Amino acid sequence: QVQLVESGGGLVQSGGSLTLSCATSGRLFNVYAVSWFRQVPGKQRELVATRRRDESTVYADSVKGRFTISRDSAKDTVYLQMNSLKPEDTATYYCAALDFGSSQYNYWGQGTQVTVSS
């Protein structure tokens, strides 16, 4: 089992910055990737950013150049640095972990709310 706990959400003005944290614990040796997703009520969940075990990263076009996913191995924490925030970035943000060999994300955090005011 892997446990994921998000923190760092809040209210920020348009153009501002926010950093989300995802503290991970448990059977991390089998985790292939950790990703950040976001979801707005009534809309489909969106994959925002992924960091793979080999440290490669992938971003949604909507956040490319503004968001950065990173990991502090000493703290087993994955971060999502969000800059130049826009009202359309408002959502509940979730981190999720994908095990090696799995086709679907195996573990999810509880989510943290990000609200960007215009």
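Let's start with a term: a residue is buried here if its relative accessible area is under 20%, exposed if over 50%, and partly exposed in between (1.4 Å probe, protein chains only). By that yardstick, C22 and C95 are both buried. Keep in mind that this is a predicted model, where local features need pLDDT of at least 70 and side-chain atom pairs count only at pLDDT 80 or more, while totals for chains, interfaces and linings use all residues. Residues are numbered from 1 along each chain as its sequence is written, and side-chain values use heavy atoms, with hydrogens and water left out.

Those two cysteines make up the one disulfide in the structure. A disulfide, in general, is a covalent bond between the sulfur atoms of two cysteines; the program's cut-off is a pair of cysteine sulfur atoms within 2.5 Å. For C22 and C95 the S to S distance is 2.1 Å, and the link is right-handed, with 65° about the S-S bond. It joins distant parts of the chain, 73 residues apart: C22 belongs to strand β3 (residues 18-26) and C95 to strand β9 (residues 91-99). Strands (E, at least two residues) and helices (H or I, at least four) are DSSP runs, numbered from the N terminus.

Now follow β9 itself. Eight of its nine residues are buried, so the strand is largely enclosed by the rest of the structure. What does β9 pair with over eight bridges? That partner is strand β4 (residues 31-39), in the antiparallel sense, with V34 standing opposite A97. Two strands count as paired if DSSP finds at least two bridges between them. Strand β11 (residues 112-117) also pairs with β9 in the antiparallel sense, over three bridges, and here A91 has V114 as its bridge partner. With strand β10 (residues 107-108), β9 has two bridges, again antiparallel; A96 stands opposite W108.

W108 brings us to the rings. The whole structure has four aromatic pairs, where rings of Phe, Tyr and Trp (its six-membered ring) pair if their centres lie within 6.5 Å; planes under 30 degrees apart are stacked, over 60 edge-to-face, and the rest tilted. One of the pairs is Y32 with F100: the ring centres are 5.3 Å apart and the planes are at 65°, so this pair is edge-to-face. Y32 is in strand β4 and F100 in the loop between β9 and β10, 68 residues apart. Y32 is partly exposed at 31% relative accessible area, and F100 is partly exposed at 42%.

The rings of F37 and W108 have centres 4.8 Å apart and planes at 45°, so they form a tilted pair. F37 lies in β4 and W108 in β10, so the pair ties together parts 71 residues apart in sequence. F37 is buried at 9%, whereas W108 is partly exposed at 32%. Ring pairs link both of them with Y105 into a cluster. The charged end of R45 also sits over the ring of F37, 5.6 Å from its centre (the test being NZ of Lys or CZ of Arg within 6 Å of the ring centre and within 35 degrees of the ring normal).

Finally, look at another arginine, R66, in the loop between β6 (57-59) and β7 (67-72). Is R66 buried or exposed? It counts as buried, at 11% relative accessibility. Its side chain reaches the backbone oxygen of S84 at 2.9 Å.

How values were computed
A polar contact is a pair of N or O atoms within 3.5 Å; within protein, one must be able to donate a hydrogen and the other to accept it, and residues adjacent in sequence count only if both atoms are side-chain atoms.
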